[in-house]
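Work through the exercises below with the structure in view, and try each task before reading its solution.

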Amino acid sequence: SDVARLRHIVINSLYSNREIFLRELISNANDALEKLRITALTDKHVWDGVQPLNITIKGVKNVDGPGGRLIVSDTGIGMTQDELRNNLGTLAKSGTSEFLSKAESESSSSAKGNLIGRFGLGFYSSFLVADQVYVSSVAAKSDTQYVFSSSADEGSFEIYPDPRGNTLGRGTEITLVLKDDALEYLDNVVLAKLVAKHSGFSSSFPIYQFTQKTEDIPIEEPIAAEAVPEINEDDKDDDSAVVEEMAEEKDEEIKPPKTKSVLVDTWNHLNAAPPIWQRDPKEVDYHEYRLFYQNTFKDFKDPLAWHHFSGASDDGISFKGIVYLPSSLDQSYWNNPLMSISRDIRLMVKRVFITSDLGEDAMPKWASWIKVVIDAEDLPLNVSRETLQSTKFLKQLKQVILRHLIQLIGRLAEEEPEKFSELQKNFGSVLKLGAVEDKKNSNKLALLARFATNQRNSTSFNQYLENKKEGQKQIFYVADAGKSVEELKTSVFVEKLDARGYEVLLLNQPVDEMLIQGLKQWKKVPFQDVAKSGLKFGDEESDPEADNPALTEKFKPLLTWMKGQATHVVRDVVISNRLVSSPCAIVADFGGYTANVERLISQQNSDDGNEYLRTFAKKQKLLEVNPRSPLIEGLLRRIEELPDKDEGRDLEAEEELKEVVAILIDGALVRSGYDVTDSNEFYTRVERVLRRSLGVSETAKADTRVKPAPPIDPSSSLESEEDEETGTKGPHFNIPSTLKDKVSITMEEIDDEPDVVHDEL
């Protein structure tokens with residue numbers, strides 16, 4: 001084959017992001033160190049166990065102009081002349097795979113090290129950023145240093161003895177002569193970020209980066225001898241004064257030392273944080289988990305909790321990982337939670353970072369905020385190691401993470417109530433959203449959800465059922481998104497339930513309604529919205545007031561008369577069994593919308609063709625009146641006192657009653673959470689009632705005189721606008737002077753047809 005063309009394809013077609021070249025070189029260096037360590041177990045001559053094993057990275061800028069070199073070195077097993085030719089001069093020749101096969105064939109249990117290489121192509125990623133690459137290497141049992149040299153545009157290479165002699169002692173040094181568009185990789189900050197992203201945990205050997213920093217050091221100056229003043233015999237009594245004077249003079253002469261700036265060479269340890277997921281959880285303390293979380297995810301708040309686990313997939317792929325619960329949820333999540341994307345799932349293979357994008361197998365939206373590290377022993381990677389081939393493991397990975405996340409939250413609920421309470425403050429709505437979105441884990445997440453009630457601040461569905469009254473066949477709830485718990489406690493719909501000692505869930509978040517509608521029931525006990533008709537307590541058989549025909553007959557005139565006044569609002573007017581002190585309330589009938597559902601639907605701005613059904617459902621309301629309310633009893637008396645048609649109608653009394661009933665209905669709408677049909681008319685009625693109560697004439701009008709606006713500003717006319725550059729007024733075109741003789745403009749006036757009215761140049 002055409003070697004040059006084949007190598008060009010390998011270099012430029014396998015990798016979508018050239019920054020991974022450093023990951024590949026570090027992985028190769030790690031393998032060289034691992035090979036040396038494994039070989040030394042049976043051959044002490046290759047390494048005495050004293051000389052340090054490490055990887056170094058050094059950027060060198062050209063002194064005489066732009067450009068520079070990046071040098072990656074290791075103190076590993078090195079390569080002979082033949083190994084340089086075979087391993088680097090041959091495409092897809094993996095020295096690591098060959099070494100591992102040989103070690104496994106010898107059945108050496110100690111040969112199982114952290115060997116990363118697999119394809120024999122990682123070295124060629126160097127040419128993504130380098131025009132020329134030099135590889136100097138000294139094998140462990142050799143003193144001769146050889147150089148492998150090749151350029152990005154050539155299909156050939158050279159191997160020759162290094163004219164510098166043995167400068168390495170043992171190991172390999174790769175020098176990349178960087179391309180003009182790759183000089184960013186001389187920046188120490190860029191290099192450190194790349195190591196942290198891709199290779200921060202891939203090697204158990206230390207990775208050092210060469211840096212230089214400026215430090216100020218004092219300049220040492222010779223100390224001059226000081227003259228000691230003579231003291232006369234006559235002045236002996238003034239010794240103390242002289243000593244004090246000398247001390248004062250010394251203080252005045254003390255000056256800060258002179259300094260000079262010098263460059264200091266340092267080697268920074270880039271992979272100091274250990275891969276703690278590889279260790280036994282019993283051996284990792286709280287501070288290590290906390291520091292690892294902060295370093296890895298750049299969240300400098302302490303995590304709320306974590307779960308360290310290991311396991312194996314159905315494919316037999318073993319893995320280890322840590323699931324972290326952050327202490328708070330980023331506010332940006334709630335801007336559009338259904339569009340949130342997982343960004344903190346760090347999937348690794350043999351401690352080398354592969355991806356945070358799991359594609360179609362990503363976390364569900366409700367769990368996109370979770371922070372996880374998963375390290376698999378082996379996965380079928382593409383050659384570039386940038387993408388994963390589709391496997392069952394990826395499909396199982398999401399469920400593995402979700403299972404451990406739910407287990408972690410469940411453990412907090414049982415063992416650490418304070419942390420669980422903190423979690424509910426920050427993530428309570430997210431758990432409910434998960435119960436709505438994630439059908440497979442819906443019941444598990446709903447079990448972890450907590451709700452306020454009229455009797456306690458927090459309860460679960462299971463705890464509610466434990467408190468259920470004898471004969472109670474429903475889970476009572478009232479929902480009004482945006483209201484406070486205290487407001488819901490005083491809801492008109494909760495009056496009788498609360499008075500009788502029934503517990504009612506108080507739902508004040510939009511997701512609550514969706515959760516209840518999705519679940520329908522909990523442990524075969526249905527949910528009952530107390531803002532809807534058909535409320536049953538469960539003891540109606542022993543309640544003499546329940547379904548009392550005599551009571552309905554007594555209030556029939558009132559019900560009939562009020563129904564005639566409320567046909568535009570409700571379908572019917574009935575006697576209520578849920579009110580205690582309130583005179584009336586408006587509830588949703590079967591198939592109708594409660595006020596909360598009505599608002600949620602209106603916020604969706606949905607145009608799905610079901611507008612007719614929604615309009616019908618909005619009208620399915622009932623006006624329930626409280627027969628024990630003095631106001632309702634008084635209204636009944638006034639209606640019964642109205643003369644019939646034969647006696648002559650009292651129009652004034654009827655109008656007054658209509659106004660009272662209208663205010664009563666509008667008040668019931670507002671208190672029940674609905675909007676009044678005509679807010680202007682509602683406040684006009686209220687104003688009339690207030691005027692009568694204050695003795696103000698209903699016909700008295702306010703002084704409506706107001707100061708008129710100033711006249712039109714003449715400077716705002718388009719005709720008077722003047723172009724600052726040309727001095728031209730009104731609409732105009734600016735034509736460069738060089739084109740004035742070459743351009744003509746034709747303007748045509750047209751009518752609505754459009755037909756030309758006339759032409760004008």
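**Exercise 1.** Find the residue of strand 2 that stands opposite Lys 61, and then establish how strand 1 and strand 2 run.

*Solution.* Lys 61 faces Gly 68 of strand 2. Strand 1 (residues 55-61) and strand 2 (residues 68-74) run antiparallel and are joined by seven bridges, where two strands pair if DSSP finds at least two bridges between them. Helices (H or I, at least four residues) and strands (E, at least two) are DSSP runs numbered from the N terminus. The model is a predicted one, in which local features need pLDDT of at least 70, side-chain atom pairs count only at pLDDT 80 or more, and totals for chains, interfaces and linings use all residues. Residues are numbered from 1 along each chain as its sequence is written, and side-chain values use heavy atoms, with hydrogens and water left out.

**Exercise 2.** Place these strands in their sheet, and name its edges.

*Solution.* The open sheet consists of eight strands in the order 5-4-3-6-2-1-7-8, with mixed pairing. Its edge strands, each pairing on one side only, are strand 5 (158-161) and strand 8 (259-269).

**Exercise 3.** Determine where helix 9 bends, and by how much.

*Solution.* Helix 9 (residues 417-437) has 21 residues, yet its end C-alpha atoms are only 26 Å apart, short of the 30 Å of a straight helix (the expected span is 1.5 Å times one less than the number of residues). The bend, of about 70°, is at Phe 427, taken as the angle between axes fitted to the seven residues ending there and the seven starting there.
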